[in-house]
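Colleague: Thanks for making time for this one. Could you walk me through the model at your own pace?

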Amino acid sequence: SIEKSLNFIEHIIENDLKAGKNNGRVHTRFPPEPNGYLHIGHAKSICLNFGLAQKYNGKCNLRFDDTNPITEDTEYVESIEADVRWLGFQWDNKFYASDYFDQIYQYAVQLVKKGKAYVCDLTPEEISANRGTPTKAGIESPYRNRSIEENLDLLTRMKNGEFKDGEKVLRAKIDMASPNMHLRDPILYRIRHAHHHRTGDKWCIYPTYDFAHGYSDSIEGITHSICTLEFEVHRPLYDWLIEQVEIHHPQQIEFARLNLTYTLMSKRKLLELVQNKHVKGWDDPRMPTISGLRRRGYTPAAIRDFAERIGVAKRDGIIDVALLEFSIREDLNKNAPRAMAVLEPLKVVLTNFEENEVREFEAVINPEQENSGTRKVKMSKVIYIEREDFLENPDKNFFRLSPAQPVRLKHASTMIRLEKIVKNAEGAIEELHCQAIPEPEYQAGGNPKIKATIHWVGEKDSIEAEVRLYDRLFTVADLSEVEDYTQALNPDSLKVLKNCKLESNLSNAKVGDSFQFERKGYFCVDIDSTAKELVFNLTVSLKDSKGK
Ligand code: ATP
Ligand code: MG
Ligand code: MG
């Protein structure tokens with residue numbers, strides 16, 4: 001039934017709609033902190049929040065959770081907007097938590113007036129030392145029973161900049177013996193004499209995440225505030241803060257954050273990879289950032305498809321990165337034009353070709369699409385084949401070109417048979433001399449059966465390009481089990497191939513264009529390409545390379 005295919009959040013929403021809650025409105029939000037670039041985990045959250053709004057005719061806000069002036073930057077704001085749009089979503093409203101600083105301050109005053117918040121002079125270290133343990137009650141602050149008047153006065157003076165960083169905080173007055181540690185008089189305001197990327201120097205007190213988040217949701221009329229599991233234990237505080245000031249009460253719902261094998265998924269650690277130059281930037285094609293995936297050749301459709309496939313879980317787990325690769329492979333198999341590219345070229349002289357002879361063949365552009373049309377590929381006296389497609393001393397499982405074994409050239413109905421191996425002084429193979437035999441002639445001649453077809457590029461029909469091959473950035477599947485992730489970095493995650501030979505049809509390729517290099521994988525044109533030389537990125541191999 002339809003019911004069955006609903007995820008647990010959709011169940012909650014549909015029950016709310018049936019019960020007439022929120023007057024039938026569905027309003028979600030995606031609330032990134034602008035302190036880094038978005039990664040594939042955020043993409044999951046974006047697809048979920050925007051997807052629910054679309055499905056239920058609701059709205060979804062983009063809200064920058066910019067309550068920490070120290071780590072935030074407009075560079076990140078811009079990249080986040082670009083990434084959300086690129087994924088194919090458009091927010092109904094764009095807000096900043098800092099838009100609500102005045103309102104949040106008013107709520108703080110209300111809490112103080114109700115006797116539900118107090119100014120505390122303990123240092124952050126003392127506060128955390130006094131918090132107790134889950135089985136042992138915390139110690140109440142000696143400042144806990146300050147009068148409302150004194151608290152109001154101190155809060156005003158905190159706001160007015162009379163105190164230094166760390167000198168005082170505002171704390172909720174809840175329960176120092178609560179089994180939920182987050183309810184043991186949590187900090188609401190900290191003093192930070194820091195410049196904020198939007199509010200400038202207006203504020204020197206900044207609300208904590210817990211203090212600002214629920215109020216921001218409420219102010220925007222959010223109905224379902226979807227967040228990751230680690231916030232489940234914060235939910236009683238989320239509810240408490242909203243109940244105290246009696247405003248619209250969004251429902252916080254937690255789902256399991258996305259973890260992927262072989263992938264780091266923390267903005268802080270991704271920033272370290274960039275800063276410590278383990279990668280070339282946030283958009284390095286090896287990065288799990290949305291900008292990295294985009295540059296790698298991932299499409300928005302593939303990422304959305306992946307998010308849909310993995311579903312919404314209530315329990316933490318780890319998803320095999322092969323599933324992400326599967327989604328892009330499916331997309332590109334359907335949509336990427338085909339081309340022949342020889343990545344590690346071996347020169348082959350076709351001895352029975354005249355010096356200027358050219359034979360032209362038609363090759364289908366995309367066999368997965370009707371009417372994709374054909375392209376021309378041209379064979380002349382010199383062609384290139386992949387070095388690995390020839391072995392001088394093959395074992396019995398090698399079916400490609402060898403001294404005793406001719407091979408078929410793709411799209412050309414032509415076999416080549418080895419006549420001579422030319423080696424240099426060190427004994428390395430420099431070129432092959434082969435005879436080219438049209439397939440009908442070969443078949444008629446009672447020759448050995450052909451067991452393999454290889455790709456090739458004609459010298460007169462070729463362009464040169466750089467091709468960047470990527471492997472996983474890490475060698476360990478579950479990075480949560482690794483203490484120092486730098487020890488798990490894959491030293492061979494990037495391999496740069498120069499002077500690759502590509503069919504000349506690719507000469508007009510534009511940055512971002514994707515192709516299937518036949519027999520090799522999917523590749524896209526990198527932004528480092530110049531008018532003189534194209535640079536391609538490996539997006540994904542043709543087949544699942546798991547276990548290699
Ligand atoms: P990180 O831990 O990587 O720094 P974060 O949770 O601190 O991420 P935010 O900018 O606060 O990053 O996240 C914005 C939204 O994206 C939040 O609602 C958060 O729950 C969600 N999100 C972040 N990481 C993931 C993930 N791995 N899977 C699913 N959702 C995520
Ligand atoms: Mg965060
Ligand atoms: Mg975080």
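Colleague: Let's start with strand β11: how many bridges join strand β11 to strand β22, and which residue is the bridge partner of Val-342?
Modeller: Happy to, and please keep in mind that this is a predicted model. Strand β11 covers residues 341-342 and strand β22 covers residues 494-503; the two run antiparallel and are joined by two bridges. Within β22, the bridge partner of Val-342 is Lys-501.

Colleague: β22 also pairs with β21; in which sense, parallel or antiparallel, and over how many bridges?
Modeller: Take one facing pair to begin with: Ile-463 stands opposite Leu-502 in β22. Strand β21 spans residues 462-470, and its pairing with β22 is antiparallel, over eight bridges.

Colleague: Now the open sheet of seven strands: what is its order, and which strands stand at the edges?
Modeller: Strands of a sheet pair through backbone hydrogen bonds, either parallel or antiparallel. Here the pairing is mixed, and the order is β19-β16-β17-β18-β12-β15-β20. Each edge strand has a single partner strand, so one side of each is left without a neighbour in the sheet; the edge strands are β19 (453-454) and β20 (456-458).

Colleague: Where does β16 join β17, and which residue of β17 stands opposite Val-407?
Modeller: β16 takes in residues 407-409 and β17 takes in residues 414-423. They run antiparallel, with three bridges between them. Opposite Val-407 in β17 stands Ile-416.

Colleague: How many bridges do β17 and β18 share, and which residue of their hairpin takes a positive phi?
Modeller: β17 and β18 pair in the antiparallel sense over nine bridges. The hairpin they form has five residues between the strands. The residue with a positive phi, near 90 degrees, is Gly-427.

Colleague: Which residue of β18 is the bridge partner of Lys-420, and which stands opposite Val-349?
Modeller: Strand β12 (residues 345-350) pairs with strand β18 (residues 429-438) in the parallel sense over four bridges. In that pairing, Val-349 stands opposite His-433. For Lys-420, the bridge partner in β18 is also named: His-433.

Colleague: There is an open sheet of four strands too; what is its order, and by how many degrees are neighbouring strands turned on average?
Modeller: The order is β4-β5-β6-β7, with antiparallel pairing. β4 (117-120) and β7 (205-207) stand at the edges with a single partner strand each, so one side of each has no neighbour in the sheet. Direction ignored, neighbouring strands of this sheet are turned against each other on average by 20 degrees.

Colleague: And within that sheet, which residue of β7 is the bridge partner of Ile-191?
Modeller: Strand β6 (residues 187-191) runs antiparallel to β7, and three bridges join them. In β7, the partner of Ile-191 is Ile-205.

Colleague: Which helix lies across β4, β5, β6 and β7, and at about what angle to β4?
Modeller: That helix is α4. It lies across β4, β5 (169-172), β6 and β7, and its angle to β4 is about 95 degrees.

Colleague: How do α4 and α6 run relative to each other, parallel or antiparallel?
Modeller: The axes of α4 (residues 101-113) and α6 (residues 148-159) come within 9 Å and cross at roughly 160 degrees. Angles over 145 degrees count as roughly antiparallel. Therefore α4 and α6 are roughly antiparallel.

Colleague: What classes of residue make that contact of α4 with α6?
Modeller: From α4 come Tyr-105, Ala-108, Val-109, Val-112 and Lys-113, and from α6 come Ile-148, Asn-151, Leu-152, Leu-155 and Lys-159. By class, the residues of this contact are seven nonpolar, one polar and two charged.

Colleague: What angle do α2 and α11 make, and which residues meet?
Modeller: α2 and helix α11 (residues 300-310) have axes 9 Å apart and pack at an angle of about 80 degrees. That makes α2 roughly perpendicular to α11. The contact has four nonpolar, no polar and two charged residues. Those meeting are Ala-43, Lys-44 and Cys-47 in α2 with Ile-303, Arg-304 and Ala-307 in α11.

Colleague: Last one: which element gives the most residues to the shell around ligand 1?
Modeller: Of the 16 residues around ligand 1, Pro-32, Gly-41, Ser-45, Arg-257 and Lys-267 come nearest. The elements giving two or more residues to this shell are α2 (40-55), β8 (224-228) and α9 (267-275). By class, the shell has five nonpolar, five polar and six charged residues. With four residues, the element that gives the most is α2.

Conventions
Residues numbered from 1 in each chain as written. Chains lettered and ligands numbered in written order. Predicted model: local features only at pLDDT ≥ 70, side-chain atom pairs only at ≥ 80, totals over all residues. Pairing = 2+ DSSP bridges. Axes fitted to C-alpha atoms, helices over the stretch in contact; angles between N-to-C directions. Parallel < 35°, antiparallel > 145°, perpendicular 65-115°, else oblique. Contact = placed C-beta atoms within 7 Å. Nonpolar A, V, L, I, M, F, W, Y, C, P; charged D, E, K, R; others polar. Near = placed C-beta within 6 Å.
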